[in-house]
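Good morning, and thank you for the time on today's agenda. I would like to walk you through one model, starting from a single residue and working outwards.

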Amino acid sequence: GTVGDISGVEQKIFTAYNSGANVFFVNSEDYEACVSAFNKYEFDGNAMRISKVSTFDQILDALENWGE
């Protein structure tokens, strides 16, 4: 499957970070807005990774290769 657009990306990245998420998957169309929101809140870049993906398979690959 494909990864679609998300609305409310600023609120979602805020909630994900404050909930302790280690990674936030986002499509290419929303990636810049997501990074901008992440930087706006001055979050610790070592605490959560933002990963740009287009497909569910890319998400699975990223999770399988976590820490390599």
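Before I begin, one term: by contact I mean heavy atoms within 4.5 Å. Please also keep in mind that what is on the screen is a predicted model.

With that term in hand, let me start at Asn-27. Setting aside residues up to four places away in sequence, Asn-27 touches Val-3, Gly-4, Asp-5, Lys-52 and Val-53. The residue sits in the loop between S1 and H2. Is Asn-27 buried or exposed? Its relative accessible area is 2%, and Asn-27 is therefore buried, the cut-off being under 20%.

Thr-2 offers a second view of this part of the chain. The C-alpha atoms of Thr-2 and Asn-27 are 8.9 Å apart, with the two positions 25 residues apart along the chain. Thr-2 belongs to the segment before helix H1, which covers residues 9-18. Unlike the asparagine, which is buried, Thr-2 has a relative accessibility of 70% and counts as exposed. Apart from neighbours within four places in sequence, Thr-2 is in contact with Ser-54 and Thr-55.

Asp-30 is the next residue I would point out. Asp-30 is part of helix H2, and at 11% relative accessibility it counts as buried. Which residues does Asp-30 touch, not counting those up to four places away in sequence? They are Gly-4, Asp-5, Ile-6 and Val-9. Gly-4 and Asp-5 also appear in the list for Asn-27. In addition, the C-alpha atoms of Asp-30 and Ser-7 are separated by 8.7 Å, although the two residues are 23 apart along the chain.

Let me now step back to the overall arrangement. The protein has three helices and two strands, and along the sequence they follow the pattern α-β-α-β-α. Strand S1, residues 23-26, pairs with S2 in the parallel sense, over four bridges. Within this pairing, Phe-24 has Ile-50 in S2 as its bridge partner. The chain passes from S1 through H2 to S2, and this β-α-β crossover is right-handed.

What about the overall dimensions? The C-alpha trace spans about 30 × 25 × 15 Å along its principal axes. For 68 residues, a compact globule would have a radius of gyration near 11 Å; the protein has 12 Å, which agrees. Buried residues account for 28% of the 68 residues. Of the contacts between residues at least 6 apart in sequence, 72% join residues at least 24 apart.

I turn now to the aromatic residues. A pair of aromatic rings is described by the distance of the centres and the angle of the planes. How many aromatic pairs does the structure hold? There are six. One of them joins Phe-14 and Phe-43: the pair is tilted, at 6.2 Å centre to centre and with 40° between the planes. Phe-14 lies in helix H1, whereas Phe-43 lies in the loop between helix H2 (28-40) and strand S2 (49-52), so this pair ties together parts that are 29 residues apart in sequence. As for accessibility, Phe-14 counts as partly exposed at 36%, while Phe-43 is buried, with a relative accessible area of 14%.

Phe-43 also pairs with Tyr-41, and this pair is stacked, with 5.4 Å between the centres and 25° between the planes. Tyr-41 is partly exposed, at a relative accessible area of 29%. Taken together, ring pairs link Phe-14, Tyr-17, Phe-38, Tyr-41 and Phe-43 into a cluster.

A further ring deserves mention here. Lys-52, which we met among the contacts of Asn-27, lies over the face of Tyr-31, at 4.8 Å from the ring centre.

My final point concerns the backbone. Most residues other than glycine have a negative phi. Where, then, does Glu-42 lie? It is in the loop between H2 and S2, and its phi is near 55°, a positive value in a residue other than glycine. Glu-42 is exposed, with a relative accessible area of 71%, whereas Phe-43, in the loop between H2 and S2 as well, is buried.

To close, I would return to the residue with which we began: Asn-27, buried, in the loop between S1 and H2, and touching Val-3, Gly-4 and Asp-5 as well as Lys-52 and Val-53. Thank you; I am happy to take questions.

Conventions. Residues numbered from 1 in each chain as written. Predicted model: local features only at pLDDT ≥ 70, side-chain atom pairs only at ≥ 80, totals over all residues. Heavy atoms only, no water. Buried < 20%, exposed > 50% of the residue type's maximum accessible area, 1.4 Å probe, protein only. Phe/Tyr/Trp six-rings, centres within 6.5 Å; stacked < 30°, edge-to-face > 60°. Lys NZ or Arg CZ within 6 Å of the ring centre and 35° of its normal. Pairing = 2+ DSSP bridges. Right-handed = clockwise from strand over helix to strand, strands pointing away. Rg over C-alpha atoms; globule rule 2.2 N^0.38 Å.
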